[in-house]
Amino acid sequence: MRKKSKMGSMMVTTIFLAIIGGVVYLYNSAMFEREKPVITIENDGYWNLRAPLKINIDDASGLLEYKVTLYSGDESFVLADERFATPAENQKLELKTPKRAYALKSKEVRVEITATDASKWNFFTGNGAKKEVTLQIDKRRPYLSTIASSYRIIKGGTAVVVFKAEDTNMESFYVETNFGKKFIAQPFYKEGYYVTLIAWPVTEPTFRATIVATDSAGNVAKSLVPVIPYNKKYKVSKIKLSDRFLNGKVSELAYAYGVDDSAGIIERFKYVNEEMRHDNEEVIHDLTSKVSDSMVRSLPIKKMYPLKNAQVVAQFGDHRIYYYQGEEVSEAYHLGLDLASNAMSPIKSQNPATVVYGQENGIYGNMLALYHGLGLYTIYGHCSTQLVKEGDSVRSNEVIAKTGRSGYAMGDHLHFGVLVQGIEVRPQEWMDQDWIRKSITGPMREARKLINQR
Ligand SMILES: [Zn+2]
């Protein structure tokens, strides 16, 4: 008897433990997960009723259904209502309102989002979530107007634009080009006004720039920058590669940067002229893309002549096409101005600046980069010695380095580059006081005058 009863109680205990185990298992299994769907709405407090409502619904066990309803006074609009046969993945919704909702006159609307997941929890009904947001209705586009700009922009060159941009809930604005570059503007002179230098890369056949402003309600304003593009022709040179050249500095550089002996001379050349150039230019583009956000009233810049009594040995924008044994093997654009004087000549900056780079940069050898403000940078390649270092402030007419032949340079010279927000531009323009006054400082002075009259 006693034994039997012990057996019985053991069985009861086992069954009990099995049930507990089963409950614990179900409690922890994905099938019975108890996490509610997470609903987020990207619209940031404002909406124009036309831009898509961006809603994300996430859940670990998948979604069973969701519904999005728009309420305004007594009216309501179902924007989405979906039920899934099998658990659905996370939803990234971009919902548009029906046309008749565009005409709503109310100052605000309420958006209600409900979702249920595919969990078997809650007696197989799943976990439900609900989110309500109130959005202020703003149908007015940001205000945009150009105050002043350069009269024209030369292919490969620079221009300036000053504009006014205003909106109570401005989200972003910039100057966008037909080739996808976005120039960031800096506050100018008085609140609501902005300035940016814009540039036409020598490799782009056409130029068009548009100011684009977007508010947090989704309203977009666009305004074309009234600058006339002038299509300048650049030199195209065919260069025959000699074995002597290929076995000289080119191979030296290729070996120094890890190309092994087994590579042929053309492979080594292509490595230096294409891969290394690309990587080194990327370093330059990254470090010259930044713009400060402090308010400026002018760009106090004097004409640049980094090397005194220098000869131009290679022009900006030269398109070089390389041939070997009668066949085209590679090409490149020369994106600076090569200046030569005596070996190890002093290089001066005529303008105050901050040193933003002072290191070895592949084909550019020992390279310095200076920042002059308003997204304007200068670079100095192939130096033998650098006399300033990263973080230093440079005074006007300070000697910053000595010319040399480090990197991809056949003789002692300076590779002088000017960049605007990461784009190489014609140094000749910045070496011409007349051009600076007419194209850059003049329009900025004109803009200050017009702003004062408002
Ligand atoms: Zn050069």
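Two strands pair if DSSP finds at least two bridges between them. The exercises below use this definition on a predicted model.

## Exercise 1. Strand β3 and its neighbours

Task: Find which strands pair with β3, in which sense, and which residues stand opposite each other.

Solution.

Step 1. Take β1 (residues 38-41). Four bridges link β1 to β3, and the two strands are antiparallel. In this pair, V38 is opposite D58 of β3.

Step 2. Take β6 (residues 91-95). β3 and β6 are joined by five bridges and also run antiparallel. Here I55 has L93 of β6 as its bridge partner.

Step 3. Check the definition. It asks for at least two bridges; β1 and β3 have four, and β3 and β6 have five.

Step 4. Sort the residues of β3 (residues 53-58) by face. L53, I55 and I57 form the covered face, while K54, N56 and D58 form the uncovered one. In a regular strand the side chains alternate between the two faces of the sheet.

## Exercise 2. A four-stranded sheet

Task: Give the strand order of the open sheet that contains β12, and name its edge strands.

Solution.

Step 1. The order is β13-β12-β16-β17, and the pairing is antiparallel.

Step 2. β13 (182-183) and β17 (220-224) each pair on one side only, and they are the edge strands.

Step 3. Look at β12 (residues 170-177) and β16 (residues 209-215). Seven bridges hold this antiparallel pair. One of the paired positions is S172, whose bridge partner in β16 is T214.

## Exercise 3. Two helices, α3 and α4

Task: Test whether the end-to-end distances of α3 and α4 agree with their residue counts, then locate the bends and the buried residues.

Solution.

Step 1. Start with α4 (residues 265-287). Its 23 residues, at 1.5 Å a residue, should span 33 Å; the end C-alpha atoms are 32 Å apart, so the two values agree. The expected span uses one less than the number of residues.

Step 2. Repeat for α3. Its 14 residues should span 20 Å, and the end C-alpha atoms lie 19 Å apart, which agrees.

Step 3. Locate the bends. α4 has a kink of about 35 degrees centred on R277. α3 bends by about 40 degrees at V250.

Step 4. List the buried residues. In α3 they are V250, L253 and A254. In α4, the buried residues include F269, V272, M276 and I284. V250 is thus both the site of the bend in α3 and a buried residue.

Step 5. Ask what covers them. The cover over the buried residues of α4 includes α3 (243-256), β22 (327-333), β27 (376-383) and β31 (414-420). In turn, α4 is among the elements that cover the buried residues of α3.

Step 6. Look just past α3. G258 follows the helix, and its phi is positive, near 95 degrees.

## Exercise 4. Positive phi outside glycine

Task: Place N309 and Q325 in the chain and decide whether each is buried or exposed.

Solution.

Step 1. Recall the background. Most residues other than glycine have a negative phi.

Step 2. Read the angles. N309 is not a glycine, yet its phi is positive, about 50 degrees. Q325 is not a glycine either, and its phi is also positive, about 50 degrees.

Step 3. Place the residues. N309 is in the loop between α4 and β20 (311-314). Q325 is in the loop between β21 (319-324) and β22.

Step 4. Apply the cut-off of 12 or fewer C-beta neighbours for an exposed residue. N309 has 9 inside 10 Å and therefore counts as exposed. Q325 has 9 inside 10 Å and therefore counts as exposed.

## Exercise 5. The overall form

Task: Decide whether the protein is more spread out than a compact globule.

Solution.

Step 1. Count the elements. The protein has six helices and 32 strands.

Step 2. Compare the radii. The globule rule gives 22 Å for 454 residues, but the radius of gyration is 32 Å, well over that value, so the protein is more spread out than a compact globule.

Step 3. Add the dimensions. The C-alpha trace spans about 110 × 70 × 45 Å along its principal axes.

Step 4. Compare the domain positions. The centres of domain 1 and domain 4, taken over C-alpha atoms, are separated by 79 Å. Domain 1 covers 1-32, and domain 4 covers 281-421.

Conventions:
Residues are numbered from 1 along each chain as its sequence is written. This is a predicted model: local features need pLDDT of at least 70, side-chain atom pairs count only at pLDDT 80 or more; totals for chains, interfaces and linings use all residues. The bend at a residue is the angle between axes fitted to the seven residues ending there and the seven starting there. A residue is buried if 20 or more other C-beta atoms lie within 10 Å of its own, exposed if 12 or fewer, and partly exposed in between; C-beta atoms are placed from the backbone. Two residues are in contact if their C-beta atoms, placed from the backbone, lie within 7 Å. Domain bounds come from an automatic or database domain assignment. The radius of gyration is taken over C-alpha atoms; the globule rule is 2.2 Å times the number of residues to the power 0.38.
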